[in-house]
Each structure stands twice: as C-alpha cells, then as structure tokens.
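Visitor: Could you take me through one hairpin in this model up close, and then carry on from there to the sheets, the odd backbone angles and the helix packing?

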Amino acid sequence: MAISSIGVGSGLQLDELLASLRKAENHSLTLIQNRQTENANRISAYGKLKAVITDLQAAGKALNDQSLYGAVKVHSGSDNITATGNSTATPGQYRIVVGQLATQHAVSSTAQSDRSAALGSDGKITVTLQDGSSHTLDLTGKDTSLQGVMQAINADEKLGVSATIINNGDLDNPYQLVLTAKESGKQASIQSISVEGNASLDTLLSFTAGSPAQGMTELNEALNAKATVNGIDIVSQSNTLTETVEGLEITLNKVSTEAVVLDVARDDSIPTQAIKDFVDAYNSLNSTIRSLTAYDIENQKGSPLTGDSIGRRVQSSMRSALNVVADEGTLRTLSSIGITVDPKTGDLLTDDKKLAAALKDNMADVQRLFVGEDAIGVRLNAATEEYIKKDGFIDNATEGANKIGKTLEKQALATAERIENKMEAYRKQFVQLDVMINRMQGTSNYLSQQLSMLGNMNSNK
C-alpha cells in the first residue's frame with residue numbers, strides 16, 4: 001500500500017526527496033513525450049502540404065483547358081433571346097428575329113368520373129412519334145386506371161411522352177389524362193397511340209394524327225421554331241439553337257418583331273483569372289513549405305518539417321514542371337508573358353500589363369505554354385500527382401511517421417510503468433528508513449532516560 005506521507009516518524013524531509021527523485025525519473029518520459037508531440041506535428045504538416053499541392057494540381061488542370069483561351073462574352077439586346085459562347089465562337093454582331101417558338105405536342109383523353117377505377121385489364125400501349133420511333137408499354141398484370149396508366153407512362157423513358165391527370169372541375173367527369181411530347185418540334189410529336197388487348201383503354205387512348213375518329217384529342221400543335229439570323233431563315237425542332245452559329249448556344253425565349261442584337265466579344269478575363277489562380281496556388285505552396293521548414297535561430301527552435309527533405313523535393317519538382325520553353329511562337333516562356341520568379345522567396349510575380357498584352361496579341365502562344373502534352377498544365381499535374389496520389393511520397397512519409405508514433409507510444413507506456421515501479425520501490429525503502437530511524441530515536445530516548453535515572457541515584461547516596 002502506498003504511503004501518503006512519509007518522514008513524519010523520523011522528522012526527515014522524505015516527501016520532498018521522493019518528489020525530487022520523481023522529477024529526475026520523469027526526464028526520460030518527458031523526452032519521449034516531446035518526441036511524440038514533434039511527430040504529431042510532422043504528420044499534421046504532411047496533411048497541410050498535401051492540401052496545398054492538391055490546390056495547385058487543380059489550378060494546373062484548369063490551365064490545361066483550351067476553351068479558356070479565346071473565351072467569349074455574349075451580350076443580348078433583349079431578354080427575348082439569351083446566349084452563351086465558347087472559344088470557337090467568332091466575335092461580332094448577330095441580328096436575330098424570332099418568328100415562332102417551338103412547342104410540344106399535347107393530346108387529351110375524354111373526361112372520366114374516377115381516376116383510380118380499372119379500365120379493363122392488361123393491355124399493351126404503343127406510342128409512335130413523327131420521326132418514326134416507336135415503343136410499347138406492357139400493362140399485363142398492372143394497374144389500368146387513369147392513375148396507374150399515368151404512373152406507368154412516366155416510368156418509361158423510351159415512350160417519348162409524359163403524362164399527367166388534369167381536374168377540369170366538372171362534378172360528374174372531372175379527370176382527363178393528358179400526354180405531352182417530351183421534346184418540342186414536329187419530329188417529336190405524337191403520330192399515333194394504339195392499345196392491344198384492352199378495348200377500354202384503346203377507346204380512351206387511341207390516336208392518329210390528322211384523324212377525327214379517335215379517343216384522344218389534340219390540345220397543342222407541335223411547332224418548329226422559326227427565326228432569322230443575319231437575314232438567313234432558320235428552322236429548329238428546339239428553342240435552343242446549338243449548331244446555328246458555331247460556338248454559340250442561342251435560346252429563343254419570345255417572339256420578336258424587331259431584330260435582337262447579340263454582341264459577341266472575346267473575354268480575356270477568363271484566362272487571366274485562371275492564370276492568377278495558378279500563381280496564387282503556387283505561391284501558397286511555396287509559403288507553406290517555408291513556414292513548415294523554417295528554423296528560429298533566436299529561440300533555437302525548428303518547425304514541423306525542419307530538416308525533412310520532402311519540402312525541398314516538392315519545390316524542385318514544381319520548378320522543373322514550370323521550366324517550359326515552347327517550340328514555336330513569339331512568346332515561349334512564362335517570363336515572356338509576364339510571370340517571373342522572385343529570387344529572394346521563390347514566389348511567382350505577375351506583370352499584369354505584360355500578361356494582358358500577351359493574351360490580347362499572342363493568345364495562341366499563351367495557350368501553347370499551358371495546354372498540350374508537354375505544356376505546363378500537364379507537367380504540373382504529373383509532378384503534383386507523385387506527391388498526393390495514394391501511396392505517393394506524402395502518403396509514404398505519413399505512414400513512416402505513424403509507425404514512429406506507435407513506437408513512441410509503446411516506449412512512453414513502458415517508461416511510465418518503469419517509473420511508477422521505481423517510485424514504489426523508493427517509497428517502500430523510505431518507509432523502512434522512516435520506521436528504523438523512528439525506532440532508533442525511541443531507543444536513544446529510552447537509554448537517555450535510564451542513564452539520567454542512574455545519575456540521579458548515584459548523586460543521592
């Protein structure tokens with residue numbers, strides 16, 4: 001049993017001596033705990049390094065997108081027309097008049113009194129579109145009510161139509177099944193609907209375009225969009241024109257009597273921003289490495305990755321990836337488009353005016369620097385991947401640090417146990433010493449008393 005206070009019997013400061021001994025013994029444990037803290041900080045630093053390398057990889061991939069270079073901005077003179085463009089669009093003006101919008105074909109059944117009552121049993125519904133495509137829906141063993149037919153049609157993407165039930169407000173027969181073509185334009189319209197094996201559904205759903213004797217009646221006629229672009233007549237199945245003007249996607253929103261002008265101009269702000277994002281990501285990586293590997297001379301204290309070679313390896317790999325000289329063009333290096341290296345910090349510096357001029361006058365040269373098999377975008381992606389991929393350099397370094405952490409944890413537990421055992425041994429020895437000295441003091445006091453009594457007896461004779 002541990003003694004809470006020793007030295008009381010002997011009068012010696014044994015508690016203080018025991019505390020000093022523990023402090024001395026704890027020195028070895030403190031050294032291990034300090035190494036554990038340093039190792040944990042190293043693992044955290046690897047995580048930070050991996051994060052900023054991942055950001056740089058994303059910025060490099062963005063630079064490798066050729067659609068950045070020569071991107072355009074499109075302005076419409078009216079909300080009757082909206083448009084977007086890509087790098088293949090030719091800058092200029094396009095005058096567009098919208099004569100007719102494309103519409104979707106819609107047909108409706110006769111009104112029914114109950115939406116959940118079965119209409120015969122089984123049956124196969126075949127829908128044929130104007131473009132000749134045809135698909136059959138098999139209702140064998142399934143719900144044949146208006147509700148069931150609506151759900152079955154909507155569950156089959158290949159039919160080319162969608163279904164809904166409209167309540168017309170009539171007290172006796174309020175429910176009508178409406179079928180609408182999924183796409184606009186005449187070619188997507190419903191040519192015919194037939195039902196095999198269920199006379200009730202056939203009576204309700206049968207339809208043939210242009211025929212008056214049928215179950216379904218036409219609600220909306222399918223129309224193609226009609227417009228003129230710079231005076232040229234355009235006909236389209238859809239209100240979105242994707243192939244009319246190369247590089248432009250034009251959406252017709254409203255019929256217009258006057259021409260709507262689309263202004264298409266090159267937008268150099270898009271590649272500019274991508275390049276600046278890349279520079280920022282590179283500099284963020286560079287500053288993170290400086291922070292994680294720095295050494296405080298005044299306080300003689302290192303950072304989590306001080307002395308670790310991985311920081312220098314990353315910097316060397318990234319610099320090598322940027323060391324590109326294009327094989328053609330006027331501007332062949334990063335410095336020629338306004339991106340240089342600060343000799344003191346290693347950060348990238350951007351000359352905005354020089355970069356703007358390069359994009360304006362030599363867009364193809366800028367694109368060659370960043371896009372292509374041996375361009376910066378691809379090289380940067382390959383260089384960063386070596387560090388951040390599964391089982392890459394950083395994963396391997398982290399795994400090694402984790403193994404060290406487990407070893408240190410075992411050492412800390414073993415050292416703590418050894419110290420406790422040793423301190424318990426000290427306590428037992430001190431208790432024995434305390435008891436022995438206490439007994440010796442008792443014996444000494446007894447002998448002193450006896451000698452004093454003998455002296456008194458001799459003096460009385």
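**A hairpin and its surroundings**

Guide: Let's start with strand S12 (residues 225-229) and strand S13 (residues 232-236), which run antiparallel and are joined by 5 bridges. Keep in mind that this is a predicted model. At the turn end, Val 229 has Ile 232 of S13 as its bridge partner. The hairpin leaves 2 residues between the strands, and Asn 230 takes a positive phi there, near 50 degrees.

Positive phi turns up elsewhere too. Gln 300 is not a glycine, yet its phi is positive, at about 50 degrees. You'll find Gln 300 in the loop between strand S17 (295-296) and strand S18 (301-302). Its relative accessibility is 64%, so Gln 300 counts as exposed. Asp 391 is another non-glycine with a positive phi, this one about 65 degrees. Asp 391 sits in the loop that links helix H8 (376-388) to helix H9 (393-459). With 52% relative accessibility, Asp 391 also counts as exposed, because the cut-off for that label is over 50%.

Back to strands. Three of them make an open sheet in the order S2-S15-S14, with antiparallel pairing. Strand S2 (81-85) and strand S14 (240-241) are the edges, each pairing on one side only. S14 pairs with strand S15 (residues 248-252) over 2 bridges, in the antiparallel sense. If you want a landmark for that pairing, look at Thr 240, which stands opposite Thr 251 in S15.

There's also an open sheet of 4 strands, ordered S7-S8-S4-S11 and antiparallel in its pairing. Its edge strands are strand S7 (161-167) and strand S11 (217-220), and each of those pairs on one side only. On average, neighbouring strands of this sheet are turned by 30 degrees against each other, direction ignored. Inside it, strand S4 (residues 106-108) and strand S8 (residues 175-181) run antiparallel and are joined by 3 bridges. One facing pair to look for is Ala 106 and Thr 180, the latter in S8. Helix H2 (residues 146-155) packs on this sheet, touching S7 and S8, and its direction makes about 150 degrees with that of S7.

H2 has a good run of buried residues: Leu 146, Gly 148, Val 149, Met 150, Ala 152 and Ile 153. The cover over them includes S7 and S8, along with strand S5 (124-129), strand S6 (134-138) and helix H3 (199-205).

One residue is worth a stop on the way to the helices: Gln 191, in strand S9 (residues 190-196). Gln 191 has a relative accessible area of 26%, which means it is partly exposed. Setting aside residues up to four places away in sequence, Gln 191 touches Thr 128, Leu 129, Gln 130, Phe 207, Thr 208 and Ala 209. Its C-alpha atom is separated by 54 Å from that of Asp 277, and the two are 86 residues apart along the chain.

Now for helix packing. Two packed helices are described by the angle between their axes and the distance between the axes. Helix H4 (residues 269-293) and helix H5 (residues 310-322) have axes that come within 10 Å and cross at roughly 155 degrees. That angle is why H4 is roughly antiparallel to H5. The crossing of H4 and H5 is left-handed. On the H4 side the contact uses Phe 278, Tyr 282, Leu 285, Asn 286 and Ile 289, while H5 brings Gly 311, Val 314, Gln 315, Met 318, Arg 319 and Leu 322. Sorted by class, that H4 and H5 contact has 7 nonpolar, 3 polar and 1 charged residues.

H4 has a second partner to look at, helix H6 (residues 352-361): their axes come within 10 Å and cross at roughly 135 degrees. At that angle, H4 is oblique to H6. The handedness of the crossing between H4 and H6 is right-handed. Here Pro 271, Thr 272, Ile 275 and Lys 276 of H4 meet Asp 352, Leu 355 and Leu 359 of H6. By class, the H4 and H6 contact divides into 4 nonpolar, 1 polar and 2 charged residues.

How values were computed: Residues numbered from 1 in each chain as written. Predicted model: local features only at pLDDT ≥ 70, side-chain atom pairs only at ≥ 80, totals over all residues. Heavy atoms only, no water. Pairing = 2+ DSSP bridges. Axes fitted to C-alpha atoms, helices over the stretch in contact; angles between N-to-C directions. Contact = heavy atoms within 4.5 Å. Parallel < 35°, antiparallel > 145°, perpendicular 65-115°, else oblique. Left-handed = near helix turned anticlockwise from the far one by under 90°. Nonpolar A, V, L, I, M, F, W, Y, C, P; charged D, E, K, R; others polar. Buried < 20%, exposed > 50% of the residue type's maximum accessible area, 1.4 Å probe, protein only.
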